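Reader: I am new to this structure and would like a close look at one part of it. Please take me through that part and then outward to its surroundings.

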Amino acid sequence: MVASALYLTNGAHQYGYECLTGMAQSKGWVRRYFKAFCKGFFVAVPVAVTFLDRVACVARVEGASMQPSLNPGGSQSSDVVLLNHWKVRNFEVQRGDIVSLVSPKNPEQKIIKRVIALEGDIVKTMGHKNRYVKVPRGHIWVEGDHHGHSFDSNSFGPVSLGLLHAHATHILWPPERWQKLESVLPPERLLVQSEAE
Amino acid sequence: MLRGVLGKTFRLVGYTIQYGCIAHCAFEYVGGVVMCSGPSMEPTIQNSDVVFAENLSRHFYGIQRGDIVIAKSPSDPKSNICKRVIGLEGDKILTNSPSDFFKSHSYVPTGHVWLEGDNLQNSTDSRYYGPIPYGLIRGRIFFKILKRFSKVLIWLSEA
(Lines give C-alpha, C1' and ligand atoms only; values in the text may rest on other atoms or scores of the structure.)
Protein backbone atom coordinates (compact mmCIF):
# COMPACT_ATOMS: atom_id res chain seq x y z
CA MET A 1 0.00 0.00 0.00
CA VAL A 2 2.80 2.36 0.84
CA ALA A 3 4.53 1.34 -2.33
CA SER A 4 1.41 2.01 -4.36
CA ALA A 5 0.98 5.36 -2.65
CA LEU A 6 4.57 6.20 -3.45
CA TYR A 7 4.00 5.05 -7.01
CA LEU A 8 0.93 7.23 -7.26
CA THR A 9 2.67 10.28 -5.87
CA ASN A 10 5.61 9.61 -8.14
CA GLY A 11 3.27 9.34 -11.08
CA ALA A 12 1.46 12.48 -10.08
CA HIS A 13 4.77 14.22 -9.65
CA GLN A 14 5.85 13.10 -13.09
CA TYR A 15 2.56 14.10 -14.60
CA GLY A 16 2.84 17.52 -12.98
CA TYR A 17 6.37 17.83 -14.26
CA GLU A 18 5.27 17.04 -17.78
CA CYS A 19 2.50 19.56 -17.51
CA LEU A 20 4.94 22.18 -16.39
CA THR A 21 7.40 21.51 -19.21
CA GLY A 22 4.53 21.52 -21.70
CA MET A 23 3.41 24.87 -20.44
CA ALA A 24 6.98 26.16 -20.42
CA GLN A 25 7.39 25.10 -24.00
CA SER A 26 4.26 26.89 -25.16
CA LYS A 27 5.14 29.92 -23.04
CA GLY A 28 8.63 29.76 -24.53
CA TRP A 29 7.10 29.96 -27.98
CA VAL A 30 5.20 33.09 -27.05
CA ARG A 31 8.27 34.58 -25.44
CA ARG A 32 10.41 33.90 -28.48
CA TYR A 33 7.83 35.46 -30.76
CA PHE A 34 7.63 38.52 -28.50
CA LYS A 35 11.43 38.85 -28.48
CA ALA A 36 11.59 38.62 -32.28
CA PHE A 37 8.82 41.19 -32.62
CA CYS A 38 10.57 43.63 -30.28
CA LYS A 39 13.87 43.17 -32.09
CA GLY A 40 12.24 43.79 -35.46
CA PHE A 41 10.28 46.74 -34.15
CA PHE A 42 13.28 48.48 -32.65
CA VAL A 43 15.30 47.94 -35.79
CA ALA A 44 12.70 48.66 -38.45
CA VAL A 45 10.98 51.71 -36.99
CA PRO A 46 14.06 53.89 -36.27
CA VAL A 47 15.64 52.97 -39.61
CA ALA A 48 12.45 53.82 -41.49
CA VAL A 49 11.93 57.07 -39.60
CA THR A 50 15.56 58.10 -40.13
CA PHE A 51 15.33 57.29 -43.83
CA LEU A 52 12.17 59.35 -44.28
CA ASP A 53 13.65 62.25 -42.31
CA ARG A 54 17.16 62.32 -43.72
CA VAL A 55 17.22 60.67 -47.15
CA ALA A 56 13.99 60.99 -49.11
CA CYS A 57 10.25 60.97 -48.78
CA VAL A 58 7.18 61.42 -50.92
CA ALA A 59 4.56 64.12 -50.70
CA ARG A 60 1.40 65.22 -52.45
CA VAL A 61 1.31 68.77 -53.74
CA GLU A 62 -1.81 70.83 -53.15
CA GLY A 63 -2.70 74.22 -54.47
CA ALA A 64 -2.13 76.16 -57.66
CA SER A 65 0.86 78.29 -56.72
CA MET A 66 3.34 76.32 -58.83
CA GLN A 67 1.32 75.99 -62.03
CA PRO A 68 2.15 75.04 -64.72
CA SER A 69 5.15 73.10 -63.37
CA LEU A 70 3.19 71.29 -60.65
CA ASN A 71 -0.54 70.54 -60.43
CA PRO A 72 -1.54 71.83 -63.87
CA GLY A 73 -4.85 70.06 -63.58
CA GLY A 74 -5.93 72.03 -60.55
CA SER A 75 -7.95 70.15 -57.98
CA GLN A 76 -8.73 67.20 -60.26
CA SER A 77 -5.37 65.51 -59.87
CA SER A 78 -2.63 66.42 -57.40
CA ASP A 79 0.95 65.64 -58.29
CA VAL A 80 3.01 63.45 -56.00
CA VAL A 81 6.66 64.50 -55.86
CA LEU A 82 9.81 62.87 -54.54
CA LEU A 83 11.41 65.04 -51.85
CA ASN A 84 15.16 64.59 -51.48
CA HIS A 85 16.47 65.54 -48.04
CA TRP A 86 19.99 64.30 -48.69
CA LYS A 87 20.73 67.00 -51.27
CA VAL A 88 19.98 69.84 -48.85
CA ARG A 89 21.72 68.39 -45.81
CA ASN A 90 24.34 71.18 -46.07
CA PHE A 91 21.77 73.80 -47.08
CA GLU A 92 23.15 74.01 -50.62
CA VAL A 93 20.56 75.08 -53.15
CA GLN A 94 20.85 76.59 -56.62
CA ARG A 95 18.73 79.25 -58.28
CA GLY A 96 15.81 77.57 -60.03
CA ASP A 97 15.52 74.58 -57.68
CA ILE A 98 12.05 73.61 -56.52
CA VAL A 99 12.25 73.23 -52.75
CA SER A 100 9.90 72.51 -49.88
CA LEU A 101 10.24 74.54 -46.70
CA VAL A 102 8.45 75.12 -43.42
CA SER A 103 6.06 78.03 -43.86
CA PRO A 104 7.31 81.07 -41.91
CA LYS A 105 3.75 82.10 -41.14
CA ASN A 106 2.48 78.68 -40.04
CA PRO A 107 5.04 76.20 -38.67
CA GLU A 108 2.64 73.25 -39.08
CA GLN A 109 2.55 73.62 -42.85
CA LYS A 110 5.11 72.96 -45.56
CA ILE A 111 5.12 74.99 -48.76
CA ILE A 112 6.77 74.15 -52.07
CA LYS A 113 8.25 76.93 -54.16
CA ARG A 114 11.09 77.72 -56.57
CA VAL A 115 14.31 79.38 -55.41
CA ILE A 116 14.74 82.66 -57.28
CA ALA A 117 17.66 84.29 -55.47
CA LEU A 118 20.38 83.35 -52.98
CA GLU A 119 22.07 85.45 -50.30
CA GLY A 120 23.58 88.68 -51.56
CA ASP A 121 21.41 88.91 -54.70
CA ILE A 122 19.17 91.89 -55.36
CA VAL A 123 15.67 90.92 -56.45
CA LYS A 124 13.08 93.00 -58.26
CA THR A 125 9.95 92.08 -56.36
CA MET A 126 6.39 91.69 -57.61
CA GLY A 127 3.93 92.86 -55.00
CA HIS A 128 6.30 93.30 -52.07
CA LYS A 129 6.28 96.53 -50.11
CA ASN A 130 9.84 97.36 -51.30
CA ARG A 131 10.57 97.46 -55.00
CA TYR A 132 14.09 96.01 -54.70
CA VAL A 133 15.23 93.72 -51.92
CA LYS A 134 18.73 92.54 -51.14
CA VAL A 135 18.61 88.99 -49.78
CA PRO A 136 20.42 88.91 -46.39
CA ARG A 137 23.07 86.38 -45.40
CA GLY A 138 21.68 82.91 -44.69
CA HIS A 139 18.38 83.63 -46.49
CA ILE A 140 16.83 82.83 -49.87
CA TRP A 141 14.05 84.32 -51.98
CA VAL A 142 11.38 81.85 -53.10
CA GLU A 143 8.47 82.35 -55.47
CA GLY A 144 5.73 80.20 -56.92
CA ASP A 145 5.54 79.91 -60.70
CA HIS A 146 1.94 81.14 -60.76
CA HIS A 147 2.45 84.79 -59.83
CA GLY A 148 -0.48 86.40 -58.14
CA HIS A 149 -1.81 83.09 -56.83
CA SER A 150 1.16 82.30 -54.66
CA PHE A 151 1.92 82.94 -50.99
CA ASP A 152 5.71 83.36 -51.27
CA SER A 153 8.57 85.75 -50.56
CA ASN A 154 6.60 88.54 -52.20
CA SER A 155 4.33 88.30 -49.14
CA PHE A 156 6.67 87.33 -46.31
CA GLY A 157 10.09 88.44 -47.55
CA PRO A 158 13.30 86.40 -47.69
CA VAL A 159 13.23 83.13 -45.72
CA SER A 160 16.01 81.74 -43.56
CA LEU A 161 17.85 78.69 -44.91
CA GLY A 162 17.16 76.92 -41.61
CA LEU A 163 13.54 76.45 -42.73
CA LEU A 164 14.61 74.46 -45.77
CA HIS A 165 13.05 71.00 -45.73
CA ALA A 166 13.84 69.18 -48.98
CA HIS A 167 14.56 69.50 -52.71
CA ALA A 168 11.78 68.23 -55.00
CA THR A 169 13.50 66.28 -57.76
CA HIS A 170 10.91 64.15 -59.59
CA ILE A 171 7.19 63.89 -60.13
CA LEU A 172 6.12 60.31 -59.34
CA TRP A 173 2.33 60.31 -59.88
CA PRO A 174 0.22 60.43 -62.05
CA PRO A 175 2.22 58.15 -64.35
CA GLU A 176 1.68 60.28 -67.42
CA ARG A 177 3.49 63.09 -65.62
CA TRP A 178 6.60 61.13 -64.69
CA GLN A 179 9.48 63.56 -65.18
CA LYS A 180 12.57 65.03 -63.60
CA LEU A 181 11.97 68.57 -62.37
CA GLU A 182 14.47 70.93 -63.99
CA SER A 183 16.18 73.73 -62.08
CA VAL A 184 15.51 76.62 -64.44
CA LEU A 185 14.75 80.19 -63.57
CA PRO A 186 11.70 81.55 -65.35
CA PRO A 187 13.05 83.97 -67.99
CA GLU A 188 11.08 86.90 -66.69
CA ARG A 189 12.63 86.50 -63.23
CA LEU A 190 16.25 87.01 -64.16
CA LEU A 191 18.14 88.83 -61.47
CA VAL A 192 18.95 92.48 -61.32
CA GLN A 193 22.34 91.73 -59.82
CA SER A 194 23.81 88.55 -58.41
CA GLU A 195 26.62 88.14 -55.93
CA ALA A 196 28.57 85.83 -58.24
CA GLU A 197 29.15 88.52 -60.84
CA MET B 1 38.19 32.99 -44.06
CA LEU B 2 37.11 35.79 -46.40
CA ARG B 3 33.48 34.89 -45.85
CA GLY B 4 34.00 35.17 -42.10
CA VAL B 5 35.56 38.59 -42.41
CA LEU B 6 32.84 39.76 -44.78
CA GLY B 7 30.18 38.45 -42.45
CA LYS B 8 31.70 40.27 -39.50
CA THR B 9 31.97 43.49 -41.51
CA PHE B 10 28.35 43.33 -42.57
CA ARG B 11 27.24 42.69 -39.00
CA LEU B 12 29.26 45.66 -37.80
CA VAL B 13 27.84 47.92 -40.48
CA GLY B 14 24.36 46.69 -39.64
CA TYR B 15 24.76 47.46 -35.96
CA THR B 16 26.22 50.89 -36.72
CA ILE B 17 23.28 51.79 -38.96
CA GLN B 18 20.80 50.50 -36.41
CA TYR B 19 22.26 52.41 -33.47
CA GLY B 20 22.80 55.50 -35.60
CA CYS B 21 19.13 55.50 -36.53
CA ILE B 22 18.04 55.01 -32.94
CA ALA B 23 20.30 57.93 -31.92
CA HIS B 24 18.83 60.10 -34.66
CA CYS B 25 15.29 59.33 -33.54
CA ALA B 26 16.18 60.04 -29.92
CA PHE B 27 17.83 63.38 -30.68
CA GLU B 28 15.17 64.46 -33.13
CA TYR B 29 12.02 63.49 -31.28
CA VAL B 30 12.94 63.18 -27.62
CA GLY B 31 15.94 65.27 -26.68
CA GLY B 32 19.61 65.21 -25.86
CA VAL B 33 22.56 66.76 -24.12
CA VAL B 34 23.91 70.05 -25.45
CA MET B 35 26.93 72.11 -24.58
CA CYS B 36 26.38 75.85 -24.72
CA SER B 37 29.14 78.34 -25.39
CA GLY B 38 29.06 82.10 -25.26
CA PRO B 39 28.22 84.75 -22.67
CA SER B 40 24.80 85.80 -23.91
CA MET B 41 22.76 83.85 -21.35
CA GLU B 42 24.71 84.69 -18.19
CA PRO B 43 24.06 84.30 -15.32
CA THR B 44 21.50 81.60 -16.11
CA ILE B 45 23.76 79.55 -18.37
CA GLN B 46 27.51 80.13 -18.21
CA ASN B 47 30.02 79.54 -20.96
CA SER B 48 30.59 75.82 -21.69
CA ASP B 49 27.70 74.61 -19.53
CA VAL B 50 26.14 71.26 -20.25
CA VAL B 51 22.34 71.28 -20.46
CA PHE B 52 19.56 68.86 -21.32
CA ALA B 53 17.25 69.86 -24.15
CA GLU B 54 13.93 68.23 -25.00
CA ASN B 55 12.22 68.39 -28.36
CA LEU B 56 8.70 67.31 -27.44
CA SER B 57 7.49 70.87 -26.73
CA ARG B 58 8.48 71.94 -30.19
CA HIS B 59 6.50 69.16 -31.87
CA PHE B 60 3.42 69.79 -29.76
CA TYR B 61 3.74 73.59 -30.01
CA GLY B 62 4.07 73.97 -26.24
CA ILE B 63 6.79 76.62 -26.12
CA GLN B 64 5.81 79.33 -23.61
CA ARG B 65 7.06 82.83 -22.84
CA GLY B 66 10.09 82.59 -20.58
CA ASP B 67 11.33 79.24 -21.92
CA ILE B 68 14.96 78.97 -22.90
CA VAL B 69 15.12 77.46 -26.38
CA ILE B 70 17.75 76.26 -28.79
CA ALA B 71 17.15 77.45 -32.34
CA LYS B 72 18.96 77.50 -35.67
CA SER B 73 20.64 80.81 -36.27
CA PRO B 74 18.70 82.81 -38.90
CA SER B 75 21.87 84.04 -40.59
CA ASP B 76 23.78 80.73 -40.44
CA PRO B 77 21.66 77.58 -40.59
CA LYS B 78 24.50 75.33 -39.51
CA SER B 79 24.97 76.94 -36.10
CA ASN B 80 22.60 77.01 -33.14
CA ILE B 81 21.67 79.82 -30.76
CA CYS B 82 20.42 79.53 -27.22
CA LYS B 83 18.08 82.31 -26.02
CA ARG B 84 14.99 82.99 -23.96
CA VAL B 85 11.54 83.43 -25.53
CA ILE B 86 10.32 86.91 -24.65
CA GLY B 87 7.29 87.13 -26.91
CA LEU B 88 5.07 84.83 -28.95
CA GLU B 89 3.08 85.79 -32.03
CA GLY B 90 0.86 88.81 -31.54
CA ASP B 91 2.74 90.12 -28.51
CA LYS B 92 3.82 93.75 -28.29
CA ILE B 93 7.60 94.06 -27.90
CA LEU B 94 9.77 97.05 -26.97
CA THR B 95 12.51 97.16 -29.56
CA ASN B 96 14.82 99.89 -28.39
CA SER B 97 17.74 99.99 -25.97
CA PRO B 98 17.00 101.32 -22.50
CA SER B 99 18.96 104.54 -23.18
CA ASP B 100 16.57 105.73 -25.91
CA PHE B 101 14.12 108.33 -24.77
CA PHE B 102 11.32 107.53 -27.21
CA LYS B 103 10.12 103.99 -26.76
CA SER B 104 9.46 102.17 -30.02
CA HIS B 105 7.48 98.96 -30.10
CA SER B 106 6.38 96.44 -32.66
CA TYR B 107 4.18 93.37 -32.79
CA VAL B 108 5.56 89.88 -33.27
CA PRO B 109 4.16 88.56 -36.59
CA THR B 110 2.25 85.28 -36.88
CA GLY B 111 4.39 82.18 -36.80
CA HIS B 112 7.36 84.02 -35.23
CA VAL B 113 8.90 84.38 -31.77
CA TRP B 114 11.01 87.11 -30.19
CA LEU B 115 14.20 85.89 -28.50
CA GLU B 116 16.49 87.74 -26.12
CA GLY B 117 19.51 86.61 -24.15
CA ASP B 118 19.60 87.12 -20.39
CA ASN B 119 22.85 89.09 -20.63
CA LEU B 120 21.36 92.02 -22.48
CA GLN B 121 24.58 93.96 -22.92
CA ASN B 122 26.37 91.08 -24.62
CA SER B 123 23.80 89.28 -26.73
CA THR B 124 22.92 89.42 -30.43
CA ASP B 125 19.30 88.38 -30.52
CA SER B 126 15.97 89.51 -31.92
CA ARG B 127 16.82 93.13 -31.07
CA TYR B 128 19.44 92.79 -33.79
CA TYR B 129 17.92 90.45 -36.43
CA GLY B 130 14.20 90.69 -35.67
CA PRO B 131 11.70 87.97 -34.76
CA ILE B 132 12.57 84.48 -35.98
CA PRO B 133 10.12 81.93 -37.44
CA TYR B 134 8.87 79.23 -35.08
CA GLY B 135 10.14 76.60 -37.51
CA LEU B 136 13.75 77.41 -36.59
CA ILE B 137 13.30 76.35 -32.96
CA ARG B 138 15.00 73.00 -32.25
CA GLY B 139 14.24 72.29 -28.61
CA ARG B 140 13.65 73.62 -25.10
CA ILE B 141 16.22 73.53 -22.31
CA PHE B 142 14.83 72.22 -19.09
CA PHE B 143 17.76 70.98 -17.03
CA LYS B 144 21.27 72.17 -16.32
CA ILE B 145 24.06 70.04 -14.94
CA LEU B 146 25.76 71.60 -11.93
CA LYS B 147 29.11 73.22 -12.63
CA ARG B 148 30.99 70.67 -10.51
CA PHE B 149 29.62 67.72 -12.50
CA SER B 150 29.99 69.38 -15.89
CA LYS B 151 33.70 69.81 -15.21
CA VAL B 152 33.85 66.05 -14.60
CA LEU B 153 32.04 65.34 -17.85
CA ILE B 154 34.31 67.58 -19.92
CA TRP B 155 37.37 66.00 -18.34
CA LEU B 156 36.09 62.50 -19.15
CA SER B 157 35.45 63.34 -22.78
CA GLU B 158 38.88 64.82 -23.28
CA ALA B 159 40.64 61.81 -21.70
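Author: What follows starts at one serine, B:Ser40, and moves out to the sheet and the chain interface. The model is a predicted one.

B:Ser40 sits in the loop that links β1 and β2 of chain B. Its relative accessible area is 13%, under the 20% cut-off, so B:Ser40 counts as buried. The side chain of B:Ser40 is in polar contact with that of B:Lys83, at 2.9 Å. Beyond its neighbours within four places in sequence, B:Ser40 also touches other residues, among them B:Cys82, B:Gly117, B:Asp118 and B:Asn122.

The two strands on either side of this loop, β1(B) and β2 (residues 49-54), run antiparallel and are joined by six bridges. In one of these pairings, B:Val34 has B:Val51 of β2(B) as its bridge partner. Both strands belong to an open sheet of seven strands in chain B, with the order β1-β2-β9-β3-β4-β7-β8 and antiparallel pairing. β1 (31-36) and β8 (132-133) are the edge strands, each pairing on one side only. Helix α1 (residues 2-30) of chain B lies across β1, β2 and β9 (137-144), at about 80° to β1(B).

Chain B also meets chain A: 22 residues of chain A are in contact with 22 residues of chain B. About 1900 Å² is buried between the two chains, and carbon and sulfur atoms give 64% of that area. A:Phe91, A:Lys105 and A:Pro107 supply 22% of the area that chain A buries against chain B, more than any other three residues. Between the chains there are zero salt bridges and five residue pairs in polar contact.

Definitions and conventions: Residues numbered from 1 in each chain as written. Chains lettered and ligands numbered in written order. Predicted model: local features only at pLDDT ≥ 70, side-chain atom pairs only at ≥ 80, totals over all residues. Heavy atoms only, no water. Pairing = 2+ DSSP bridges. Helix = DSSP H or I, 4+ residues; strand = E, 2+ residues; numbered from the N terminus. Contact = heavy atoms within 4.5 Å. Axes fitted to C-alpha atoms, helices over the stretch in contact; angles between N-to-C directions. Buried < 20%, exposed > 50% of the residue type's maximum accessible area, 1.4 Å probe, protein only. Polar contact = N/O pair within 3.5 Å; in protein donor to acceptor, adjacent residues only side chain to side chain. Buried area = accessible area lost by both parts, 1.4 Å probe. Salt bridge = Lys/Arg side-chain N within 4 Å of Asp/Glu carboxyl O.
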